[in-house]
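Let's go through some of the labels people attach to a structure and ask what earns each one. Have a look first, then the questions start.

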Amino acid sequence: MRYAELIDKLMDFDNKFRKMYGVVAGIDEAGRGPLAGPVVAAAVILKEAIPGLYDSKSLSQNEREMLFLEIIKSSSVGVGFASVEEIDLYNILKATRLAMSRAVKSLSVQPDYVLIDGRSLSIDLRGTCVVSGDKVSASIAAASIVAKVTRDHLMERLDILFPCYEFATHKGYGTPKHLEALKEHGPSLWHRLTFRPVKSLLTREQVNSWLKKGLVSEKRLFRAGVL
């Protein structure tokens, strides 16, 4: 399918909801699966069709970066984060909902209806979940790009602070190289302590050092099962 036909199809899907409800925002997230870094959500109200728009996972990095700039320039965009501490305290599902709610609240215009990528991830807004929404909805596809690029940029900055983990390469996902670095250097506080591969590598010496320096809450460590 050509780009023009594809974006028309994705825009037609959103337009059905616009005709029924008014202003529609697409919502998607990036970073539910990694062992490190926050989960990032984006909410996008598209004001016009953007050629080439599609699911972020189906695009190259260069395509995502170019589309990211176009989306930011021509649309209303909101971004929300849930920190690694919030992920550990509340679990990844609740943290993702929190990030999505923050993304919507940060929009300059509040939507009348939201389209959320996924099967059942709901937030306290009028809207609907769309399975594989980033492949059928233009606004969700735009949100998937904004969330992915925003999180990638954040992980690249973390790589400068913690070069031993090579975050810029794997963005916090549990690749063999990341797991090897975790075994060699141990987890950082930017890792998700409740996630099993990280939790299994925490040492009493490291936990005590964090507590002594006031770098981590006892509640977070308790949730990780290391207190």
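Q: What makes this an open sheet, and in what order do the strands come?
A: Five strands form an open sheet in the order β3-β2-β1-β4-β5, with mixed pairing. β3 and β5 (127–130) are the edges: each has a single partner strand, so one side of each has no neighbour in the sheet. From one strand to the next, the twist averages 20°. Two strands pair if DSSP finds at least two bridges between them, and the strands themselves (E, at least two residues) and helices (H or I, at least four) are DSSP runs, numbered from the N terminus.

Q: Before we go on, what kind of model is this?
A: This is a predicted model: local features need pLDDT of at least 70, side-chain atom pairs count only at pLDDT 80 or more, and totals for chains, interfaces and linings use all residues. Residues are numbered from 1 along each chain as its sequence is written, and side-chain values use heavy atoms, leaving out hydrogens and water.

Q: Why is the pairing called mixed?
A: Look at the neighbours one by one. Strand β1 (residues 24–30) and strand β4 (residues 113–117) run parallel, joined by four bridges, and Val24 stands opposite Tyr113 in β4. β1 and β2 pair in the antiparallel sense over five bridges, and β2 and β3 are antiparallel too, over seven bridges. Ala43 of β2 is the bridge partner of Ile27, and Ala43 in turn has Gly78 in β3 as a bridge partner.

Q: How do you know that β2 is mostly covered?
A: Count the buried residues, where buried means under 20% relative accessible area, exposed over 50%, and partly exposed in between (1.4 Å probe, protein chains only). Seven of the seven residues in β2 are buried. Val39, Ala41, Ala43 and Ile45 point one way, Val40, Ala42 and Val44 the other, and all are buried. In a regular strand the side chains alternate between the two faces of the sheet.

Q: How do you know that the length of α2 agrees with that of a helix?
A: The expected span is 1.5 Å times one less than the number of residues. For the 14 residues of α2 (residues 61–74) that should be 20 Å, and the end C-alpha atoms are 20 Å apart, so the two agree.

Q: What makes one face of α2 the buried one?
A: Arg64, Leu67, Phe68, Ile71 and Ser74 are buried. Seen down the axis, the buried residues of α2 fall within an arc of 155° (taken from the directions from the axis to the C-beta atoms), so they line one face of the helix. On the other side, Asn62, Met66, Leu69 and Lys73 are exposed. The cover over the buried residues includes β2 (39–45), β3 (76–82) and α5 (138–161), with contact meaning heavy atoms within 4.5 Å.

Q: Why is Arg157 called exposed, and Cys129 partly exposed?
A: Arg157, in helix α5, has a relative accessible area of 53%, so it counts as exposed. Cys129 comes in at 24%, which makes it partly exposed. Cys164 is also partly exposed, at 30%.

Q: How many disulfides are there?
A: Zero in the whole structure, where a disulfide is a pair of cysteine sulfur atoms within 2.5 Å.

Q: What makes Ser132 and Glu166 worth a second look?
A: Most residues other than glycine have a negative phi. Ser132, in the loop between β5 and α5, has a positive phi of about 55°. Glu166, in the loop between α5 and α6 (167–170), has a positive phi near 60°.

Key: Axes are lines fitted to C-alpha atoms, for helices over the stretch in contact, and angles run from 0 to 180 degrees between N-to-C directions.
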